[in-house]
Amino acid sequence: MLRAIAFASTIVVSLTACDMLEDSKAQIEAQYLSEHQELQQVVEQIRDKGIESVQASAKAGSVAACVANNLDADPMGALITVEGALQDSANLSDLLNSISRLSQQEISIEQFPDLLQQGADTVRYLRTLLEQYDLAELKQQASNLLEQGQTKTQDVGAHLRTLIESCQTN
């Protein structure tokens, strides 16, 4: 009984620490976006309405259309909807490897300790991606990105910033 209480306390403390870290990333992201007003507007639209909605309503050739198209074409583009993701230093390869290791069945209770150990962000990212893709498709997308070697030196934030900054007009 004491072990169960201690374990539950540890999880609560860990998640609270993750929330504080997440707040910090969100603040850094807000600063980054305030320095990139054009991108800030598009990111806010996508977070409010979704990538597909922005893609459908954006004027062809606009920054909004470019950002929405880039995010939609990239398997990790859906992560833009997670606040703080633009500044997340989590290793993209590690995230993709975690996805690749998931079994074809539902995520099992045995996998949760590993996922929690990787952090609340990983769980949030998996949930966000599983809203867009079924598990088999997500695993295939992750495998493709790993095989292409695009993720070896990037973190989640750098990957997403690359996708959106290529659309920026100066």
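Which residues in H2 meet which residues in H4? In this predicted model, Glu38, Leu39, Val42, Gln45 and Ile46 in H2 meet Val63, Ala64, Val67, Ala68 and Leu71 in H4. Residues are numbered from 1 along each chain as its sequence is written, and side-chain values use heavy atoms, with hydrogens and water left out. Because the model is predicted, local features need pLDDT of at least 70 and side-chain atom pairs count only at pLDDT 80 or more, while totals for chains, interfaces and linings use all residues.

**The chain as a whole**

The protein chain has nine helices and zero strands, where helices (H or I, at least four residues) and strands (E, at least two) are DSSP runs numbered from the N terminus. Of its 170 residues, 39% count as buried, and buried here means under 20% relative accessible area, with exposed meaning over 50% and partly exposed in between (1.4 Å probe, protein chains only). The accessible surface of the protein chain comes to about 9,700 Å², of which 52% belongs to carbon and sulfur atoms; such areas come from the Shrake-Rupley method with a 1.4 Å probe, and for residues only the protein chains shown count as cover. Among the contacts (heavy atoms within 4.5 Å) with a separation of 6 or more, 74% are accounted for by residues 24 or more positions apart.

**The packing of H2 and H4**

Two packed helices are described by the angle between their axes and the distance between the axes. H2 and H4 pack at an angle of about 55°, with their axes 10 Å apart, the axes being lines fitted to C-alpha atoms, for helices over the stretch in contact, with angles that run from 0 to 180 degrees between N-to-C directions. That angle makes H2 oblique to H4, since angles under 35 degrees count as roughly parallel, over 145 as roughly antiparallel, 65 to 115 as roughly perpendicular and the rest as oblique.

In H4, the buried residues are Val63, Ala64, Ala65, Val67, Ala68 and Leu71, and what covers them includes H2, H3 and H9. Within H3 lies Val54, which is in contact with Gln45, Ile46, Ala64 and Ala68 when its neighbours within four places in sequence are left aside. Val54 and Ala68 are 14 residues apart in sequence, and their C-alpha atoms are 6.4 Å apart in space.

**The nonpolar core**

A nonpolar core is a set of buried Ala, Val, Leu, Ile, Met, Phe, Trp, Tyr and Cys residues joined through side-chain atoms within 4.5 Å. In the largest one, which has 40 residues, Val67, Leu71, Met76, Ile99 and Ile164 touch the most other members. H4 gives the most to this core, with six residues. Not counting residues up to four places away in sequence, Leu71 touches Ile46, Ile51, Gly77, Ala78, Ile80, Leu160, Leu163 and Ile164.

**Three buried residues**

The table places two charged residues beside Val54.

| Residue | Place | Relative accessibility |
|---|---|---|
| Lys25 | helix H1 (residues 2-34) | 9% |
| Asp88 | loop between H4 and H5 | 4% |
| Val54 | helix H3 | 2% |

Lys25 counts as buried because its relative accessibility is 9%. Leaving aside residues up to four places away in sequence, Lys25 touches Gly84, Gln87, Asp88 and Asp121. Asp88, with its neighbours within four places left aside, is in contact with Lys25, Asp121, Tyr125, Asp155, Val156 and Gly157.
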